[in-house]
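Q: I have a model open and would like to learn how to read its features one by one. Could we walk through them together?

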Amino acid sequence: MIVNRTALKRQSTVMVLFLFIVIAGMASYVSLPRESDPDVKIPYIFVTTAFEGVAPEDMETLVTMPIERKLKGLSGTKEISSVSDDGISMITVEFSPDVDIDDALQKVRDKVDQAKPDLPPDLPDDPIIEEINLSEAPILNVVLSGPFSLKRLKVFAEELEDRIEAVPGVLDAKIIGGLEREIHVEFDMDRVAFYHIPLSGLLGSLQNANVNTPGGSVEIGRGKYLVRVPADFQHPDEISRIIVHQQDGRPVYLRDIATIRDHYKAPTSRSRINGIQSVTIQVKKRAGENVIEINDAVKTLVREAQETLPPTLKVHLTSDQSKDIRLMVNDLQNNIITGLLLVLVVVFAFIGGRSAAFVSLAIPVSMLITFTVLDIMSYTLNMVIMFSLILALGMLVDNGIVVVENIYRHMHMGKSRYQAALEATDEVAWPVIASTLTTIGAFFPMIFWPGIMGEFMSYLPITVVIALLASLFVALVINPVLSAKFQDVPSDDGRKKPKLVDRMMDRLRSLYRPILEWSLDNRLKVIGLSFGFLILSVVGFGLFGKGVEFLPKTDPKRTDVKIKSPVGTNLDASDRLTRIVERVATEYPDVEYFIANVGESGRSSEIGTHYSLTTLDFLDKQDRSRSSTEITDELRARLQKAIQGAEVQVEPAKMGPPTGSAVNLEVYGEELRDLGRLAATIKRAIKNVPGLVDLKDNYVSAKPEIRVDVDKEKAALLGVDAFTVARAVKTAINGFKVGVYREGKDEYDIIARLPEKNRDSLDDIERITISGPNGESIPITSVASISLGGGLGGINRIDQKRVITLSADVSGRLAQDVINDIQTILKDMKLPRGYSYKFTGEQEEQAEASAFLTKAFVSALFLIFLVLVTQFNSMTTPFIILTSVILSLGGVMIGLLVTGTPSSA
């Protein structure tokens, strides 16, 4: 063959190339960025619009629907979903995987621009359009805790934040928790009424006194000067000295009618680690950067910073991705070394010392070539690629063994090194190439796997193909040259005692020969028994096996405990439930850390003080006394019994690409309240299905609210309007932003509002007064009625249809078996006209994956068949060879049955 002949003629060139491969491969291995998951482009675009104070139904009508109407005309969209909640609209556009995400982002921007004329004219800000990037997920959490106030902890966190962001490769360091500084102007409405100051004039005085306005430029003589008016506040004390009114020629200062407090925003969440209040810094990396290097640099920085920080300040490093990556890299290195040693032992036993060395070189050299190619392709050394390299490890020596053993055989025939290398490699070159191509043919179709799962898994076939081609190059180019230079054959004078391996092989042949002879004499029986075994194993797995699951279950490294209390539950009430979780978590020695976040759920679509999330980080697997899966199941049972009146979900962390819930049921209909009742009926009907755990829905029946209904006629007679009433209520309760106070590079809001003691009950709201046109005090009850009520919560839509989603996890059973039981129950349930349901989530992904893998299997068989036909120039021989592929499935099924392992789709 031309390749090996050219290599043998230019042996010096091959040796230099071999040296270059070693140097380049080692350099690439060192420089390849390490990260947990591949940098996969997720085809989702988010459109978020904020409109403070607007109810969910109005957000749906005024904001969500106009934008959706424009977006539905986009090409390449797979699904458009939305959530309309209090003061916010979140629309998610899912595109087909083959759509360029940057192009899709621009198209969404264009469509949103077209929708702007249909949006409310008083919308404060334009919709925010952004994409999702998995590579920007936090790679490390730096958690600060100790005997300090939250304000002080945040100061420490801000000091570390600036230093962490300066670490090369860090994209962002985000502070979670702590108290955010805010300047409060708290009015005494009795004094405001005494001085007859209109509220609008009061707020205007505050806004107009805090300006920093450029005035342009002016030329004086030969110089040009900028003109500006720097009248912004230099210190919070300045605010109290503002003159807001004049009474009988005497100035009325702001301090006369209000108290100025250098305070902080009312917290909407709380954070603790191991039961102690904390502040967290989330470290995010840039795409393609090395997680291990970044995390090591951050850890070094933290250690150095601790020397200057108070000794009682505790710094914990949690959710460290570099630990998992290091473990995988070490596994890869250990497997390479183990593979080398095993190959050396086996080949040394059968062929000899130098041949063993030549064959063993196939593993490291093929790996080094693969690392070089991956580096050229700008790939990272992630979990999928490292798994692929471990998978390919055992196949890398096959070609080398065939070539080197054949050269060894030819030298035994008395040929010279060069002649043996030339003729022996020519003899087996095409079979070796065909063998490699058949293996590549098995993996090649997987490159075209569609969807996010395909993006994630495509790294596996690409890496395996590169490694196999590299091993083929080593077998046809490097191994013949090394053999031609250094191979030797021990002299055999016939008196040498047979080796142990030779005696073992003779014994094995003596056992195998009669079996082979019987098989050849009873060919039909053997074929019948083989196919009968295949059929019985497949049927046996269908009857007694563990079925099929989408992704194999693994022992989780962490578990999330989510609590969803009734809507309207305040932070203190949610905190009390979270402390129950913390108390239970302390009883498990295998839990290293537990981090509680009250007022958060970990999802952008679940917002409110009625949510809480507690993350339990387990010890390393080898240090645990029990399985984390067992602990998770026990926690679920204990917490659901201990916490009543709230939904408790105990969810183990999932590895791999995002797939959705194991059970995800979408119920569609038009009238939301009827839809809610139907979802509740379904929930009650299926909640006792065996194996179904953490059942929840995203329907909010009624959010408690206090309604202020303005009587516009009465208001007009008193010289005010609905806007004046609304602004007075907003200023009193929520506060009205009248400007910002700048200190260095930071800005802090200045908020005008009533003191907390005057706005914490229904009676306080009824005592709110409104400033009339001349500053006179008008009780709010004179122009409006105040009542308690309930409004709709978040409204979810998918493809412009209202939907409620029921989701759950499974435990002890396969998801498909649980879904089959649910479908049996739902068949007997009569749905109202216009209402429907469908299963999505993980099962939808599994169905798509199974359909593709079936096609990929057929395509792989065709490619293998095509290579074999080309090799043998025959139609019969390839069929005989492919029979082994089909019959091998029987062994696979028996293996799954014996080990009790479910098949993965």
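Q: Let's start with aromatic pairs: how many does a search of the whole structure find?

A: Happy to start there. In this predicted model, searching the whole structure turns up eight aromatic pairs. One case to look at is Phe194 with Tyr195: the ring centres are 5.1 Å apart and the planes meet at 80°, over the 60 degrees needed, so this pair is edge-to-face.

Q: Is Phe194 buried or exposed?

A: The general idea is to compare the relative accessible area with a cut-off, since exposed means over 50%. Phe194 has 59%, so this residue counts as exposed.

Q: Rings can also have a charge over them. Which residue lies over the face of Tyr748?

A: For this feature, look for the end of a Lys or Arg within 6 Å of a ring centre and within 35 degrees of the ring normal. Arg181 is the residue over the face of Tyr748, 4.7 Å from the ring centre. Another case is Tyr668, where the charged end of Lys801 sits over the ring at 5.0 Å from its centre.

Q: Turning to the backbone, what is the phi of Ser378?

A: Here one looks for positive phi in residues other than glycine. Ser378 is such a case, with phi near 60°. To place Ser378 in the chain, find the loop between α13 (362-376) and α14 (383-393). Its relative accessible area is 63%, so Ser378 is exposed.

Q: Where is Asn873 found?

A: Asn873 is in the loop that runs between α28 (842-872) and α29 (876-899). Although Asn873 is not a glycine, its phi is positive, at about 50°. With a relative accessibility of 71%, Asn873 counts as exposed too.

Q: Now the whole chain. How many helices and strands are there?

A: The protein chain has 29 helices and 32 strands. Along the principal axes, its C-alpha atoms fill a box of roughly 130 × 85 × 55 Å. Of the 905 residues, 46% are buried.

Q: What share of the contacts with a separation of 6 or more joins residues 24 or more positions apart?

A: The idea is to ask how far apart in sequence the contacting residues are. In the protein chain, residues at least 24 positions apart account for 77% of those contacts.

Q: And what can be said of the surface and the charges?

A: About 45700 Å² of the protein chain is exposed, and carbon and sulfur atoms supply 56% of that area. As for charge, there are 98 positive and 114 negative ones, and their mean positions lie 5 Å apart.

How values were computed. Residues are numbered from 1 along each chain as its sequence is written. This is a predicted model: local features need pLDDT of at least 70, side-chain atom pairs count only at pLDDT 80 or more; totals for chains, interfaces and linings use all residues. Side-chain values use heavy atoms; hydrogens and water are left out. Rings of Phe, Tyr and Trp (its six-membered ring) pair if their centres lie within 6.5 Å; planes under 30 degrees apart count as stacked, over 60 as edge-to-face and the rest as tilted. Buried means under 20% relative accessible area, exposed over 50%, partly exposed in between (1.4 Å probe, protein chains only). Helices (H or I, at least four residues) and strands (E, at least two) are DSSP runs, numbered from the N terminus. Contact means heavy atoms within 4.5 Å. Accessible areas come from the Shrake-Rupley method with a 1.4 Å probe; for residues, only the protein chains shown count as cover. Lys and Arg count as positive and Asp and Glu as negative; His and the chain ends are not counted. The place of a charge is taken as NZ of Lys, CZ of Arg, CG of Asp or CD of Glu.
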